[in-house]
Amino acid sequence: MGYTFRFEPVFERFDQLLEGAWLTIQLSGSAMLVGLLVSILFALLKTSGPRPLAWLVNAYVELIRNTPFLVQIFFIFFGLPALGMRLTPNSAALLALIINFGAYGTEIIRAGIESIAKGQIEAGFALGLKRLQIFRYIILKPAMRAIYPALTSQFIYLMLTSSVVSAISADDLTAIGNNIQSATFAAFEVYLVITLIYLFLSIGFSSLFKLVERVAFNYPLSR
Amino acid sequence: MKMMRSAFSLAAGAALAIGLSSAPLQAQTVEEIQERGTANIGMLVDFPPFGIMNEQNQPDGFDADVAKLLAEDMGVEVNLVPVTGPNRIPYLVSNQVDLLVASLGITEERAKSVDFSEPYVGIQISVYGEKDVEVAEPEDLEGITIGVARASTQDTGITELAPEGAHIQRFDDDASAVQALLSGQVDVIGCSNTVIAQLEQMAPGRFDVKFDISEQVQGIAVRPGSSELLDYINDFLQRVKDDGRLDEIHQKWLDSPLPEFVRNSAD
């Protein structure tokens, strides 16, 4: 192979890469948390909300799931200023990630809610639990447990999708990688290093999710 | 079979490479072109507004008009040969074209392989933005948001010039940086005069040039040693600069007269 690897220029700028990775963690971490809340709310509206609201949520889910993320983020960053909303690249990126994840999350959680047997809910009423209690303990928690693997893989996918935000000049890991690549022409080396960092981040997030699973769903399954 | 084919293409490639490298660098004369009756002129077709393919799928643009004018001046037909950025110099030195009007920036490195005429056009990189943004020199960029295409000449230039407190936003390409300016996401952008010409057409009077960062002049290129042809081209350029015909073409494609730095560098 006639290619000489030059990793020095990449490692010289490793602190910049770490800053980029930190922004990626912040963006995806916040988008996961807020996106999860949005998803639960919207899934509830879609399954048992009033008709018009359920219809609106459905329209949102279909719109977001059937358009590319890049287009969505361009729309938010370049389009919203026309409505008088000027966001910084980082907040536009966060908003886009939340909106994007919300649509997928809504569908995943809806599936979980619909998997709960009707008899289980009726058992809750029979025991005299309040509506909110029924939702929280009898519907949401078992539903979350059922769809947890799907949800966490969507979380990981969200983190990887955040690499697109460099298109609107947010300084995430990929953007920093592109900067270094274009300054040093060590493209292969840079992408190799940021690939490893993404892999590391994914594994980190996965381990965190496993830990959460062990704590939150620490009860035996009934079957 | 597959191996035979690749062996064959390897041999063909080698033969071609030898053919190219052993072709003598033939100096080109005006007389020879006039005897032939056609000038083969290489130009880019993927570099608007300098070189494009028009609706009839013919090479067109600023370079095409200059090439046509030059051929007309020699009294010959013009044969525009589309070339690309990487292969334009090989096309010239392997005798496939007589000369290049291919937006070839005059650099020392290239001057080792080809001979350049005086500049016939130039690309200027400037800071450009909303009229009410008050920026007159690099120091004024403090607190200002500047959009650039990542790793472009303007990115390098502005990164070097801008003070600590300037916010440089790097986009993937010129189009995104321009979009950011139009939608108000950035106050100013760093861009070339070709982009400015397009913006002036889209939003006349909304923006203005704040200050210039750098300029690059382009020359017509001929094979080394073709001094007679080169003299002819330089004389031609001087004449069309003086009588305003080059201005006219520049006005047509770039919406402004020939920049001063192109006109003045003629000595």
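1. A good place to start is the junction inside chain B, where 7 residues of domain 1 of chain B are in contact with 7 residues of domain 2 of chain B. Sorted by class, the domain 1 side of that junction has 4 nonpolar, 2 polar and 1 charged residues. Please keep in mind throughout that this is a predicted model.

2. Here is how the two domains are laid out. Domain 1 of chain B takes in residues 26-122 together with 218-264, while domain 2 covers 124-215. Taken over C-alpha atoms, the centres of the two domains are separated by 30 Å.

3. Next, have a look at strand β6 of chain B, residues 115-130. How many of its 16 residues are buried? The strand is mostly covered, with 15 of the 16 buried. β6(B) is joined by 13 bridges to strand β10 of chain B (residues 207-222), and the two run antiparallel. If you would like one pair to find on screen, try V121(B), whose bridge partner in β10(B) is Q218(B).

4. β6(B) has another partner to look for: strand β9 of chain B, residues 188-192. These two strands also pair in the antiparallel sense, over 5 bridges. Here a handy pair is G129(B) with V188(B), its bridge partner in β9(B).

5. Now to chain A, which is built from 9 helices and 0 strands. Its C-alpha trace spans about 70 × 45 × 25 Å along the principal axes. Of its 223 residues, 33% count as buried. Among contacts in chain A between residues at least 6 apart in sequence, 77% join residues at least 24 apart.

6. A record is helpful for chain A too. An unreviewed UniProt entry lists residues 20-45, 91-109, 146-170 and 190-212 of chain A under "transmembrane region". In the model, residues 20-45 are 100% helix and 0% strand, and the C-alpha atoms at the ends of that span lie 37 Å apart. Residues 146-170 of chain A are 64% helix and 0% strand, with their end C-alpha atoms 35 Å apart.

7. Helix α8 of chain A, residues 173-184, deserves a visit of its own. From first C-alpha to last, this 12-residue helix reaches 16 Å, close to the 16 Å expected at 1.5 Å a residue. Following α8(A) comes F185(A), whose phi is positive, near 60°.

8. Is α8(A) mostly covered or mostly open? The helix is mostly covered, since 9 of its 12 residues are buried. Among the buried residues are L173(A), I176(A), N178(A), N179(A) and Q181(A). What covers the buried residues of α8(A)? The cover includes α1 (8-12), α2 (14-48) and α9 (187-216) of chain A, together with β8 of chain B.

9. That mention of β8 leads to the interface between the chains. There, 12 residues of chain B are in contact with 12 residues of chain A. On the chain B side, β8 (167-171) and α7 (174-182) each supply at least two of the residues that touch chain A. By class, this side of chain B has 3 nonpolar, 6 polar and 3 charged residues.

Notes
Residues are numbered from 1 along each chain as its sequence is written. Chains are lettered from A and ligands numbered from 1 in the order in which they are written. This is a predicted model: local features need pLDDT of at least 70, side-chain atom pairs count only at pLDDT 80 or more; totals for chains, interfaces and linings use all residues. Two residues are in contact if their C-beta atoms, placed from the backbone, lie within 7 Å. Helices (H or I, at least four residues) and strands (E, at least two) are DSSP runs, numbered from the N terminus. Ala, Val, Leu, Ile, Met, Phe, Trp, Tyr, Cys and Pro count as nonpolar, Asp, Glu, Lys and Arg as charged, and the others, Gly among them, as polar. UniProt positions are given in the numbering used here, feature names are shortened, and annotations may be inferred rather than shown by experiment. A residue is buried if 20 or more other C-beta atoms lie within 10 Å of its own, exposed if 12 or fewer, and partly exposed in between; C-beta atoms are placed from the backbone. Two strands pair if DSSP finds at least two bridges between them. The expected span of a helix is 1.5 Å times one less than its number of residues. Domain bounds come from an automatic or database domain assignment.
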